[in-house]
Amino acid sequence: MEEEPRSALRRGAVELTRRQWVFLGGVLGVGTAAAIVLVSTVSPAAGAVTLGVTAVAAALTIGFGRLPRSGE
């Protein structure tokens, strides 16, 4: 089974698959929008909690990425 191609934002950074990039973009977009809505309608604390959950989800996604091989 072939491995999915991976890409990174800069040389030497963690490489993610296209699926991981799409998920990361979605998590950051939805999480930020939800935090803005919660800050303006509920409370700043609710927005802060939402941003924290968003940061954890983003960190876990990046954590499953792969460091580039030394020969690449």
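Accessible area is computed here by the Shrake-Rupley method with a 1.4 Å probe. By this reckoning the protein chain, which is a predicted model, exposes about 5400 Å², and carbon and sulfur atoms supply 68% of that surface.

The fold is built from two helices and two strands, and along the sequence these elements follow the pattern β-β-α-α. The radius of gyration of the chain is 15 Å, well over the 11 Å that the globule rule gives for 72 residues, and the chain is therefore more spread out than a compact globule. Along the principal axes, the C-alpha trace spans about 50 × 20 × 15 Å.

Burial and contacts can be read against this outline. Of the 72 residues in the protein chain, 19% are buried, while residues 24 or more positions apart account for 52% of the contacts that have a separation of 6 or more. As for charge, the chain carries 7 positive and 5 negative side chains, and the centres of the two sets lie 6 Å apart.

Alanine 35 offers a local view of the model. This residue sits in helix H1, which covers residues 18-41, and it counts as buried because its relative accessibility is 4%, where the cut-off for burial is under 20%. When residues up to four places away in sequence are left out, alanine 35 touches Gly47, Thr50 and Leu51. Alanine 45 lies ten residues from alanine 35 along the chain, and the C-alpha atoms of these two alanines are separated by 9.5 Å.

Methods
Residues numbered from 1 in each chain as written. Predicted model: local features only at pLDDT ≥ 70, side-chain atom pairs only at ≥ 80, totals over all residues. Heavy atoms only, no water. Rg over C-alpha atoms; globule rule 2.2 N^0.38 Å. Buried < 20%, exposed > 50% of the residue type's maximum accessible area, 1.4 Å probe, protein only. Contact = heavy atoms within 4.5 Å. Lys, Arg positive; Asp, Glu negative; His and termini not counted. Charge placed at Lys NZ, Arg CZ, Asp CG, Glu CD.
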